[in-house]
Amino acid sequence: PDIPVIDQAYSKLSNSITVEWRAVPGATNYMLTAQDGDSFVETLVKNSPGTVTGLKPATLYRITVRSINSGGKSQPSPFRKVKTVLAAPILSVRSLSCDSISVSWKTVPMAAGFSVSLMRSDGLGRMLKQNTTNTSLIFTNLDPGALYTIKAYAWNANGMPGDDFTYNQRTSPNAPVDVKVAFNSDALRAVVSWMPTEGALTYSVTVSSGHLKLRCNTSSASCTVPSLQCSSEYYVSVTAYNDAGASEPTDAVSLKTIPCAPVNISIEEDEPGHLLVSWSSVTLGHYYVVFVKSDDGLEVHCNTSYTQCHFQSDCGFTYFISVFAYNKAGQSPLGDVFNFTTAPCCPSEFRAVLTSSDTVRVTWAPVRGADLYETRAAGGSAVVLCRDTATACTLSALRCGTPYNITVYSFSEARGSNTSCAPQSVATAPCSPEIKNISKEGLSIVSVQWQPNNEEATYVVTARGEAGLWHCTSTRNSCTLMDLPCGSAFSVSAIARSPAGQSFPSYSIPLETAPCCPNDLTLTQVTQSVTSISWSVGRGAQTYVTTLESPKGQAKCHTLQTYCLLGCITCGTNYTVSLRAISETGLASRCTYQGYSSSACCPSGVKLYRLSNNGIRVFWRASDETTNYKADLHGSKGNFSCTPSSGLSHCDITKIPCGDVYTVVVAPMTNKGPKLTLFPSFCPKKIYS
């Protein structure tokens, strides 16, 4: 086809050029070419006008047109030089405040200046327009929360405008007004409400207390903030939001919640009949009310601005105690309900009876509130305890001779003991004395000594045996038993007596008196050197020792029998006679008797001489010049004797029958009164035929 002729070419957009030409007969299509140096862009169109797109802003292009049919393409038309317009500035828009919008952009190449216009999207108000060579500007005095349409374009040095850029931007909302806070003390939550503000899409309620912040987001004009803490002061503010940003928060509204339930509640019975309830101070608590209800249904209360209250109380009761704090927001939640049981009452009708020297039986009447009773006996440094649920107790193994203060305490599981109960004094029986020594003061006198271990006690010592009972009494540490029989065994014990009673007997000490001396003792000379001695039985004696004693020597015999033979007796000697009666335990009595004289000594050197007239002369050698002798002649035909004249040591026996064998004995004689008596003949015999 023929070559087209361009009528005009121009650029209205920064990325395209529009070309107008006259139609060529027979052409079915047209090829538009925009060439920039070595690069070009081609576009196929049906007819005029046609637009080449995909171009670069503010760029000079050579524009040609070629017609096309089935026969091919024509030659390019004469070119036209056309420059694309400036690119639109890319806006960055934000609402700085509820009445201002900031617009900024990057520099557009080849731009000499910029034109920015702003108008409410709803058409209200007037349009604001500003020309500037800068890359930012701020529109002020705008309506809060309103949607604005912003349009901007750049122009070149010839004043030709480029592409424009349109942006819709809303100003941030105004802060809400008329903020109100309604506090629900039961649920510990707050309902915050306000007047809606124009242009706000959502609202955020901030409830802050120190580092704690609670938030509630909503699109309505009220919001409920749950889970508030007691005893806290919160500051409530509301912020409105839209797509432009947030409003300034409202001025904070103070919210004080109800006080927390008091803690560290202490209940004590500072003295019997008085309860002291105390607690820790509660933040934001203006005053307190304490409710005390006893287990019999009676309730009292105390209203105070302090942290303690006093109440009257009775023993054995359980009290239920709760403490509330109050302020303008209301009453604190119910805290712990404490129960306090007062000490049980002291037992009444208290009786303590000494049942034995170391045992006390205690009884009393039951009392209110007592689960258990403790009986305490305190004496000296020792304490004896008895615990039982019964109203009686037996205290045993008490220390003897000790005054005890006996107190019955009532116990409850909840409270413990009532320590104000009065004691009763009871003294135990005296302690058993301990016999330290038993000493014999004589044959029938015994001194008993003991350890005095009691005050103001009388001691009784008893000697008990088959022979009977013997007593002695003393308030000191010894006494003497008199007239005890010999040869008897006793059991000696002691007791102590006092107004409190009588002690147990002491341990018994065995006592044995010395054996009795035999009443009768007989001595019989058996030979010149042997004497037989016998005696009656001495009570309590097991063995006997008999002794004959003289300056010349001693003869002794130890025997189980009541007789004994004593040898080695010296003739013509005076002996003292003694006997020791010895018991099984070795206790001995020394008995003395009348002296004993042994027979005179036999003469020595006896010789016989025959005389005429059938006579015989007997010679001897006297052992003692003071001893008289007698010669005896015994035969079958008769007995004969002779006694010498004084001072002589021979005598004659005449007219002896002949033809016989005679036994001749010369024996000493003893003086018994006016007569001479012959000693038993222990002297040797001579045979005379």
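Asp7 is partly exposed, at 34% relative accessibility. In this predicted model, the side chain of Asp7 forms a salt bridge with that of Arg22, with an N to O distance of 3.1 Å. Arg22 is likewise partly exposed, with a relative accessible area of 49%. Asp7 belongs to strand 1 (residues 6–13) and Arg22 to the loop between strand 2 and strand 3 (29–36), so the contact ties together parts that are 15 residues apart in sequence. The points below cover further salt bridges, two open sheets, the largest nonpolar core and two individual residues.

**Salt bridges**

- The count of salt bridges in the model is 11.
- Glu374 and Arg387 form one of them through their side chains, at 2.7 Å from N to O.
- Glu374 sits in strand 34 (residues 372–379) and Arg387 in strand 35 (residues 382–388), so this pair links parts that are 13 residues apart in sequence.
- The two partners fall into opposite classes of accessibility: Glu374 is buried at 2%, whereas Arg387 is exposed at 54%.
- Because the cut-off for buried is under 20% relative accessible area and that for exposed is over 50%, the value of 2% puts Glu374 in the buried class and the value of 54% puts Arg387 in the exposed class.
- Lys436 and Glu434 also meet in a side-chain salt bridge, with 3.4 Å between N and O.
- Glu434 is partly exposed, and its relative accessible area is 46%.
- Arg120, Asp122 and Asp143 belong to one network, joined by salt bridges that share partners.

**Open sheet with strands 32, 33 and 36**

- Three strands make up this open sheet in the order 32-33-36, and their pairing is antiparallel.
- Strand 32 (348–356) and strand 36 (392–395) are the edge strands, each pairing on one side only.
- On average, neighbouring strands of the sheet are turned by 15° against each other, direction ignored.
- Strand 33 (residues 359–365) and strand 36 run antiparallel and are joined by four bridges.
- Arg361 has Thr394 in strand 36 as its bridge partner.

**Open sheet with strands 55, 56 and 59**

- A further open sheet of three strands has the order 55-56-59, again with antiparallel pairing.
- Its edges are strand 55 (604–611) and strand 59 (650–653), each of which pairs on one side only.
- The average turn between neighbouring strands of this sheet is 20°, direction ignored.
- Four bridges connect strand 56 (residues 615–621) with strand 59 in the antiparallel sense.
- Within this sheet, Arg617 is placed opposite Asp652 of strand 59.

**Largest nonpolar core**

- In soluble globular proteins, nonpolar side chains tend to be buried together.
- The largest nonpolar core of the model holds 20 residues, and the members that touch the most others are Ile101, Val103, Leu118, Phe139 and Ile150.
- Two or more residues each come from strand 9 (91–97), strand 10 (100–105), strand 11 (113–120), strand 13 (136–139) and strand 14 (147–155).
- Strand 14 gives the largest share of the core, with four residues.
- Leaving out residues up to four places away in sequence, Val103 touches Leu91, Ser92, Val93, Thr135, Ser136, Leu137, Phe139 and Ile150.
- Two of these contacts of Val103, Phe139 and Ile150, are themselves among the core members that touch the most others.

**Ser16**

- Ser16 is located in strand 2 (residues 16–21).
- The relative accessible area of Ser16 is 6%, so this residue counts as buried.
- Apart from neighbours within four places in sequence, Ser16 is in contact with Ser11, Thr51, Val52, Thr53, Leu55 and Thr84.

**Gln308**

- Gln308 lies in strand 28 (residues 308–312).
- With a relative accessible area of 40%, Gln308 is partly exposed.
- Not counting residues up to four places away in sequence, Gln308 touches Leu276, Val277, Ser278 and Trp279.
- The C-alpha atoms of Gln308 and Glu466 are 81 Å apart in space, and these residues are 158 residues apart in sequence.

Notes
Residues numbered from 1 in each chain as written. Predicted model: local features only at pLDDT ≥ 70, side-chain atom pairs only at ≥ 80, totals over all residues. Heavy atoms only, no water. Pairing = 2+ DSSP bridges. Axes fitted to C-alpha atoms, helices over the stretch in contact; angles between N-to-C directions. Buried < 20%, exposed > 50% of the residue type's maximum accessible area, 1.4 Å probe, protein only. Contact = heavy atoms within 4.5 Å. Core = buried A, V, L, I, M, F, W, Y, C linked by side-chain atoms within 4.5 Å. Salt bridge = Lys/Arg side-chain N within 4 Å of Asp/Glu carboxyl O.
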